[in-house]
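Here is a short briefing on one structure. Please keep the sequence and the coordinates in view while reading.

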Amino acid sequence: MPENDPPAPEQPTLPSSERGSAGLPPARLGFATRQLHAGDRPAGPHRPRATPIYLTAGFEFEDFDQAHGRFAGTDDGFSYTRVGNPTNVAVEDRIADLESGVAALLVASGQAAVTTAILSLVSAGDHVLASTSIYEGTRELLRDDLSRLGITVDFVDAPDDLAAWDAGIRPATKLVFAESIPNPKNDLIDLAGLAEVAHRHGVPLVVDNTLATPYLLRPLEHGADIVVHSASKFLAGHGTVLGGAVVDGGTFPWHEHADAYPQLARERGLDGLTYVERAPRTAFLEFARRVAMRFGPAPSPLNAFLILQGVETLSLRVQRQSATALAIARWLEQHPGVESVDYSGLASSPHHELARRYLPRGQGSVFAVTLRGGLDAARQFTDALRLFTRMTHLGDVRSLVLHPATTTHVLRDGEQLAARGIGQGLLRLSIGLEDADDLIADLDHALAAVAAVDLVSTVGAS
Ligand SMILES: Cc1ncc(COP(=O)(O)O)c(C=O)c1O
């Protein structure tokens, strides 16, 4: 698919508010153009071409009345960085545009994005239905921390079974949560089908799109209502900062479900309006902004700037990383030391058909390889790698390796690991921008090291 050929939009995609207008023509531009220009508004008398870093706690009020206006909401200028900052807004507008959303919120980390999105939708007594195949940090937040606030959570153990989702939604369910590319197993789900199930019950679908990025997949175009990101991964791309984003699709009819979401469609502010009346298309995001403002996970404008730098090359990196990942997955799959490879780009993957439908531009660069020889092989392999970095991170320009069973998934017992298909020989790879041949040589060397130890122990035993 050509780089500048995204699906046609239903509405103008460049936010036109005074704060974020790019001044670009309203026509839909290609992804690579928008990752450089959307939300871009050279500001100030010196007209700096790069987005300036407004590293300031707050903004001066011109006079008494302006101070009041900023607090009363009659003047939408900036007041305090936790509430809003021009550098952060530039990133928000660009991410909203790239995700085909109507508005976005930048927060301090991916976990803050997930937490903000969920806390904007639930109250004590409510219920969340989530895929079991999600980032462990999110799973633990849902299971251990939300429960302390009186929010119950159920996990769908077979996320590709839409009937299981349908059966799991209760009257108290306020959101359905899934990831576009779950790691490490790449077990994709039918997002449009899941959105349809959620909407039939009057519930929004929230999708963590961290691993796909908007270059490979835009969940809002497949029926999702809200997207969240760990911007620490591919969006920033260089492993230097943490950040997170919440994106509002602007299509969920909150007003039709005012009993379920009174904070959006029933409770009135100082101006006598509900969030929905005040901003029909961005009501959720405006409320999420308030939640974030109160709970406090504000991103540093310096981090926002670094995320923006990353976003400007997103498509180039993700395209190349996906292509290299596919080449490596194919190479690994035929290696005698390898038991299996979980990559949806491979024809052997049970999720390949969904990948063809949802990920035609590439299937991402994070996947699992299971070695013959279990834990010992995984240890020897990991320690023999020279180019791959041993690290709990992904979406970096550098290639990374991690052993989930003893790290990210260490709180899961053997039975749960087996149910998720995460064996002791499984390693997660996040493919970076190095030359594919060099990465394959590194993997080859590490697999040879495993085989050499095997040989020694076989000879030793005989
Ligand atoms: C899919 C996914 N969502 C959310 C997060 C949390 O992001 P952060 O580390 O930026 O808080 C991660 C972190 O690894 C992730 O992989």
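In this predicted model, a polar backbone atom of Q111 is 2.9 Å from an oxygen atom of the ligand. The points below start from the ligand site. They then take up the cavities, a buried helix and some backbone details.

**Ligand site**
- Two serine side chains also approach ligand oxygen.
- For S230, a polar side-chain atom lies 2.8 Å from an oxygen atom of the ligand.
- For S232, an N or O atom in the side chain is 2.5 Å from an oxygen atom of the ligand.
- S109, G110 and Q111 are among the residues that surround the ligand.
- The surrounding set also includes Y135, E179, D208, T210 and L211.
- S230, S232, K233 and G243 belong to that set as well.

**Largest cavity**
- The model has two cavities of 30 Å³ or more.
- The largest cavity holds about 120 Å³ of space.
- Its lining is made up of 18 residues.
- Nearest the centre of the largest cavity lie R82, V83, L105, L106 and P299.
- Helix α3 (86-98), strand β1 (103-107) and helix α11 (283-295) each give two or more residues to this lining.
- By class, the lining of the largest cavity has 10 nonpolar, five polar and three charged residues.

**Second largest cavity**
- The second largest cavity has a volume of about 40 Å³.
- S180, L188, I189 and L191 are among the residues that line the second largest cavity.
- L217, L354, Y358 and L359 also line the second largest cavity.
- This lining has seven nonpolar residues, one polar residue and no charged residue.

**Helix α5**
- Why is helix α5 (residues 136-145) described as largely enclosed by the rest of the structure?
- Seven of its 10 residues are buried, so helix α5 is largely enclosed.
- Buried here means under 20% relative accessible area.
- The buried residues of α5 are E136, G137, T138, R139, E140, L141 and L142.
- The cover over the buried residues of α5 includes helices α4 (110-119) and α16 (414-419).
- Strands β2 (127-131), β3 (152-156) and β4 (173-179) also help to cover them.

**T132, ahead of α5**
- T132 sits in the loop between β2 and α5.
- Is T132 buried or exposed? T132 has a relative accessible area of 7%, so it counts as buried.
- Leaving out residues up to four places away in sequence, T132 touches R139, F155, V156 and D157, among others.
- P159, R412 and R420 are also in contact with T132.
- R139, one of these contacts, is itself among the buried residues of α5.

**Backbone details**
- Which peptide bond is cis, with omega near 5°? The bond from N183 to P184 is.
- P184 lies in the loop between β4 and α7 (191-200).
- R47 is not a glycine, yet its phi is positive, near 50°.
- R47 is found in the loop between α1 (31-37) and α2 (64-72).
- At 60% relative accessibility, R47 counts as exposed.
- T213, also not a glycine, has a positive phi of about 65°.
- T213 lies in helix α8 (residues 213-216).
- The relative accessible area of T213 is 1%, so T213 is buried.
- Of these two residues with positive phi, then, R47 is exposed, whereas T213 is buried.

Notes:
Residues are numbered from 1 along each chain as its sequence is written. This is a predicted model: local features need pLDDT of at least 70, side-chain atom pairs count only at pLDDT 80 or more; totals for chains, interfaces and linings use all residues. Side-chain values use heavy atoms; hydrogens and water are left out. On a 1 Å grid over the protein atoms alone, a cavity is a set of points where a 1.4 Å probe fits but cannot get out, and a pocket is an open set with protein on both sides within 12 Å along at least five of seven lines; lining residues have an atom within 4 Å of a point. Grid points are joined across faces, edges and corners, and a volume is the space filled by probe spheres set on the points. Helices (H or I, at least four residues) and strands (E, at least two) are DSSP runs, numbered from the N terminus. Ala, Val, Leu, Ile, Met, Phe, Trp, Tyr, Cys and Pro count as nonpolar, Asp, Glu, Lys and Arg as charged, and the others, Gly among them, as polar. Buried means under 20% relative accessible area, exposed over 50%, partly exposed in between (1.4 Å probe, protein chains only). Contact means heavy atoms within 4.5 Å. A residue is near a molecule or strand if one of its heavy atoms lies within 4 Å of it. A polar contact is a pair of N or O atoms within 3.5 Å; within protein, one must be able to donate a hydrogen and the other to accept it, and residues adjacent in sequence count only if both atoms are side-chain atoms.
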